[in-house]
Amino acid sequence: MLDLAMYQNLGSSQFLICRMFLQPDMESRSSLLSRRIAGAGSSATRNQALHLPMSHRKNTVGIIAGVSVYSALTFLEKLAWMSSRESEDCPPFLLSYDPTLIGLRPNCSSPVIVDNLRGKRMFLEQSGVHCLVMPCHVSHHWYGEISEGCPLPFFHFGNCVAGELRDANLKPIVGGTAVRIGVLATYAVLEAGFYQEMLQKQGFEAVVPDKATVNHILIPGIEALSKGDMEGAQILLRIAIQILLVRGVNIVILASDEIQGILPDKDPLLKKCMIPVDALARAVLSWARLKGQMRADDHSSY
């Protein structure tokens with residue numbers, strides 16, 4: 001069940017603030033994706049912050065959909081499912097997105113995109129959220145500009161993933177070398193380089209696919225998915241993962257929004273993969289639990 005606490009319409013822009021409660025007998029995680037959270041935000045509304053009781057709870061999460069609303073929905077699905085698994089309520093959240101940004105890439109008009117996403121960040125800040133997350137890989141290309149001057153915790157894909165890998169205490173497959181981590185992604189994410197940078201800071205060696213793998217295996221796999229050929233997409237994705245594994249990597253990060261959810265949950269190859277949105281959701285839930293404990297001693301924050 002999705003319990004909508006408040007829906008606000010600001011002229012041409014829509015924002016949803018709600019809290020999720022999952023019934024124990026929920027049909028499946030994928031059922032959440034059928035509940036579309038549709039809305040748009042424009043720079044014209046960035047100063048029209050929502051001042052609502054729920055948004056001032058210390059564990060309220062602000063979500064910037066970026067250029068992929070479905071990535072935001074996937075993040076919410078994970079957040080709700082992980083909460084339910086621990087017999088907890090999903091943290092309250094405020095979601096903002098602009099459909100005019102959907103599908104844009106870094107070679108588009110970056111200043112316009114950055115200004116738009118910074119406006120959403122400031123809107124969420126002013127509305128009383130206590131942390132921010134942007135569960136869209138392509139939008140992380142502009143993370144530094146979007147997050148500049150942000151006074152709140154602003155979770156980053158690369159930091160969450162690299163932190164979990166550091167805590168896993170992995171051992172190198174080949175003795176005398178650094179632990180190697182594969183980064184499987186499209187050019188937009190690979191060229192941004194944030195996974196490579198974060199992994200190197202933690203002492204890992206980042207291994208990326210060569211152009212032949214991206215051009216002739218990964219991209220055709222994504223195209224197969226867009227045409228409804230799930231079997232073909234799965235075959236090609238498995239090949240791309242195996243190519244990185246034979247190069248001696250411990251784990252392959254599935255680091256593009258387009259390749260999330262292609263392999264079935266029980267696919268044995270996923271044991272050798274890391275799903276970034278899972279790490280992001282775990283980090284946000286850990287933060288929300290801490291803030292939720294603080295909330296119990298500070299009722300004035302409600």
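This passage walks through a parallel sheet, the helices that pack on it, a buried serine and the aromatic pairs of a predicted model.

A good place to begin is the sheet. Strands of a sheet pair through backbone hydrogen bonds, and the pairing can be parallel or antiparallel. Here the sheet is open and is built from four strands in the order 8-7-9-10, with parallel pairing. Strand 8 (205–207) and strand 10 (273–274) stand at the edges; each has a single partner strand, so one side of each is left without a neighbour in the sheet.

Strand 7 (residues 180–184) runs parallel to strand 9 (residues 251–254), and four bridges join the two. Along this pairing, Ile181 stands opposite Ile251 of strand 9, while Leu184 has Leu254 as its bridge partner in strand 9. Two helices can now be added to the picture. Helix 6 (residues 194–201) packs on the sheet, where it touches strand 7, strand 8 and strand 9, and its direction makes about 165° with that of strand 7. Helix 8 (residues 230–245) also packs on the sheet, with contacts to strand 7, strand 8, strand 9 and strand 10; the direction of helix 8 makes about 155° with that of strand 7.

Strand 9 is worth another look. It pairs with strand 10 in the parallel sense over two bridges, and the bridge partner of Val252 in strand 10 is Cys273. Both faces of strand 9 are covered: Ile251 and Ile253 are buried on one side, and Val252 and Leu254 are buried on the other.

Away from these strands, Ser71 belongs to helix 1 (residues 69–85). Its relative accessible area is 9%, under the 20% cut-off, so Ser71 counts as buried. Leaving aside residues up to four places away in sequence, Ser71 touches Pro135, Cys136 and Asp257.

Finally, the aromatic rings. Such a pair is described by the distance of the centres and the angle of the planes. The structure holds two aromatic pairs. In one of them, the ring centres of Tyr143 and Phe154 are 4.9 Å apart and the planes stand at 65°, so this pair is edge-to-face. Tyr143 lies in helix 3 (residues 143–147) and Phe154 in strand 6 (residues 154–155), so the pair ties together parts that are eleven residues apart in sequence. Both Tyr143 and Phe154 are buried. Phe194 and Tyr195 form a tilted pair, with 4.8 Å centre to centre and 35° between the planes. Phe194 counts as buried at 5% relative accessibility, and Tyr195 counts as buried at 1%.

Notes:
Residues numbered from 1 in each chain as written. Predicted model: local features only at pLDDT ≥ 70, side-chain atom pairs only at ≥ 80, totals over all residues. Heavy atoms only, no water. Pairing = 2+ DSSP bridges. Contact = heavy atoms within 4.5 Å. Axes fitted to C-alpha atoms, helices over the stretch in contact; angles between N-to-C directions. Buried < 20%, exposed > 50% of the residue type's maximum accessible area, 1.4 Å probe, protein only. Phe/Tyr/Trp six-rings, centres within 6.5 Å; stacked < 30°, edge-to-face > 60°.
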